[in-house]
Amino acid sequence: MDSVGIVSYGAYIPRYRIKVDEIAETWGEDGDSIRKSLWVFEKSVPDIDEDTVTIAVEAARSAIGRREIDPLRIGAIYTGSESHPYVVKPTSTIVAEAIGATPLLTAADFEFACKGGTAAIQACMGLVGSGMIDLGLAIGSDVAQGAPGDALEYTAAAGGVALVIGRSELAAEIEATYSLTTDMPDFWRRDGMPYPEHGGRFTGEPAYFRHIIGAAQGLMEKTSTTPGDYDYVVLHQPNGKFPMRAARMLGFTERQLGPGFVVPHLGNTYSGSAMMGLAAVLDLAEPGERILMASFGSGAGSDAFLVRVLDEIRELREKAPSVSELLKDPTYVSYATYARHKGKMKM
Amino acid sequence: MTVPRFWRKLKHRYNLLGTHCTTCETYYYPPRKICPKCRRRGEIEPHRFKGEGKLLTYTIIQNPPEKITAHAPYVLGIVELDEGPRLTSQIICSPEEAEIGMRVRSVFRKIGEESAEGMIYYGTKFVKL
Ligand SMILES: [Zn+2]
């Protein structure tokens with residue numbers, strides 16, 4: 001297979017935030033201890049007229065605009081999300097129309113809890129690498145839902161990232177990918193139910209840690225690399241504590257984790273989580289540097305990637321908003337406003 | 001709005017696709033097939049607007065119509081695109097932030113929905129630049 005990789009990328013984060021303390025106060029919980037146990041201080045909140053589709057479109061437009069890519073070159077669009085607004089009717093067709101990529105392309109929506117977006121990257125790598133298409137667009141976008149008062153409510157956030165995958169004009173090469181998948185009942189949402197259910201403590205050890213560490217270690221074995229060969233590590237960030245611990249267990253330092261560690265002021269953007277960390281690293285990485293990214297999706301599985309940054313990355317700088325710019329100057333909302341934005345209360 | 005009616009105009013709602021008369025350099029949104037100034041001399045080509053412009057005037061809506069995805073009160077404005085055409089759109093900002101002449105840029109948002117079971121209408125709104 002020819003070398004494949006990232007031609008361009010774009011991210012989107014809504015401008016609203018809610019502080020963990022504000023949610024805790026509503027439910028009579030101790031905000032201080034929740035902040036410390038989760039290592040999350042605030043999370044993004046979608047506007048009333050934003051959803052997975054609008055976030056996916058904004059991220060996709062940012063990726064295309066960053067490099068003035070002709071949208072008609074895109075031969076596949078896959079959007080990974082666990083909050084597609086329609087159960088039947090794809091998000092990806094709306095994205096395709098909104099970026100002007102129709103009608104000559106294939107499209108579908110992916111769902112694998114928080115790793116639908118990285119599964120989309122792999123599908124695009126295959127289509128691009130085999131020469132079936134010129135460019136592929138892989139998107140991870142979510143407006144994550146946590147039931148009012150549930151532990152997930154402190155972290156369930158909104159955001160999305162789009163990657164344009166191609167064979168030439170690469171800004172970063174994806175040198176290898178490695179996946180691990182098992183059937184794991186750690187987290188689910190049945191059809192027609194508004195909020196997910198989770199297996200409590202079960203979500204940590206056998207689910208997140210086993211899969212993400214297994215995939216990251218498998219990738220390093222396959223590529224004969226060690227943590228010392230990487231400049232950055234990006235892991236799925238359901239909260240701050242999990243990736244910090246997993247990075248340590250894998251032998252990575254805080255310095256390698258830091259630049260892509262976006263969760264403390266963003267929350268868990270689900271399908272956008274690991275990809276948002278990757279986008280934040282691409283915003284500042286230098287040619288020649290190496291990134292290990294590993295996503296995690298409940299159910300469960302992990303996709304790990306070895307990404308090597310190339311000279312072309314310099315052409316992409318400041319052509320679209322960076323993740324740190326998107327995180328800057330948020331508008332803070334009260335719990336009442338937040339509940340209205342998320343449709344948790346009838347007005 | 002009916003589903004077929006929305007679908008017919010969907011491309012122009014998503015993307016600010018209009019037309020441009022190369023004879024008199026006038027831009028049209030919504031698109032026109034014939035330039036009213038040049039008539040038969042007019043050469044019309046499709047044009048994708050950049051989506052940047054300024055707020056010409058606005059009003060504050062206290063009671064939004066049903067099926068519209070917006071918090072009351074919200075800002076409804078007339079935007080003049082940099083290429084010239086004017087259109088009415090919701091402006092995403094608080095009523096206190098709205099200012100005549102302010103620069104705006106188009107974004108992709110939910111406009112409304114038929115019902116909890118019905119179709120979701122997406123389209124273009126504007127945010128402060
Ligand atoms: Zn004319």
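Here are some questions and answers about a predicted model, going from its zinc site to its sheets and salt bridges.

Local features in this predicted model need pLDDT of at least 70 and side-chain atom pairs count only at pLDDT 80 or more, while totals for chains, interfaces and linings use all residues. Residues are numbered from 1 along each chain as its sequence is written, chains are lettered from A and ligands numbered from 1 in the order in which they are written, and side-chain values use heavy atoms, with hydrogens and water left out.

Q: Which residues coordinate the zinc ion?
A: Donors are N, O and S atoms within 2.8 Å of the metal (3.2 Å for Na, K and Ca), and sites may look incomplete because water is not among the atoms. Here the donor atoms are SG atoms of chain B, at 2.2 to 2.3 Å. In sequence the donor residues follow the spacing C-x2-C-x10-C-x2-C. They are Cys21(B), Cys24(B), Cys35(B) and Cys38(B).

Q: What arrangement do the 4 donor atoms around the zinc ion make?
A: Four donors count as tetrahedral if all angles lie between 85 and 135 degrees; four count as square planar and six as octahedral if opposite donors are over 155 degrees apart and all others between 65 and 115, and anything else is irregular. The angles at the zinc ion run from 101 to 114°, so the arrangement is tetrahedral.

Q: How many residues apart in sequence are the parts that Cys24(B) and Cys38(B) tie together?
A: Helices (H or I, at least four residues) and strands (E, at least two) are DSSP runs, numbered from the N terminus. Both cysteines are donors to the zinc ion. Cys24(B) lies in the loop between strand 1 (17-21) and strand 2 (26-28) of chain B, and Cys38(B) in the loop between strand 2 and strand 3 (44-48) of chain B, so the pair ties together parts at a separation of 14 residues.

Q: Is Cys21(B) buried or exposed?
A: Buried means under 20% relative accessible area, exposed over 50%, and partly exposed in between (1.4 Å probe, protein chains only). Among the other zinc donors, Cys24(B) is partly exposed at 27%, and Cys38(B) is buried at 7%. Cys21(B) has a relative accessible area of 0%, so this residue is buried.

Q: How many disulfides are there over all chains?
A: A disulfide is taken as a pair of cysteine sulfur atoms within 2.5 Å. By this rule, the count over all chains is 0.

Q: Which strands of chain B stand at the edges of the open sheet of 3 strands?
A: Two strands pair if DSSP finds at least two bridges between them. The sheet has the order 2-1-3 with antiparallel pairing, and 5 bridges join strand 1 to strand 3 of chain B. The edge strands each have a single partner strand, so one side of each is left without a neighbour in the sheet: they are strand 2 and strand 3.

Q: How many bridges join strand 7 (residues 103-113) of chain B to strand 8 of chain B?
A: These two strands form a hairpin with 6 residues between them. Within the pairing, Glu113(B) stands opposite Ile120(B) in strand 8. The two strands run antiparallel, and the number of bridges is 9.

Q: How many of the 9 residues of strand 8 (residues 120-128) of chain B are buried?
A: Besides strand 7, strand 8 pairs with strand 6 (residues 86-92) of chain B in the parallel sense over 2 bridges. One bridge partner in strand 8 is Phe126(B), which is matched with Ile91(B). Strand 8 is mostly covered, and the number of buried residues is 8.

Q: Which residue of chain B meets Glu50(A) in a salt bridge?
A: A salt bridge is a side-chain nitrogen of Lys or Arg within 4 Å of a carboxyl oxygen of Asp or Glu. Glu50(A) is buried at 6% relative accessibility, and the N to O distance in its salt bridge is 3.5 Å. The partner is Arg109(B).

Q: How many residues apart are Arg308(A) and Glu173(A)?
A: These residues form a salt bridge, with the closest N and O atoms 3.1 Å apart. Arg308(A) is in strand 13 (residues 301-309) of chain A and Glu173(A) in strand 8 of chain A, a separation of 135 residues.
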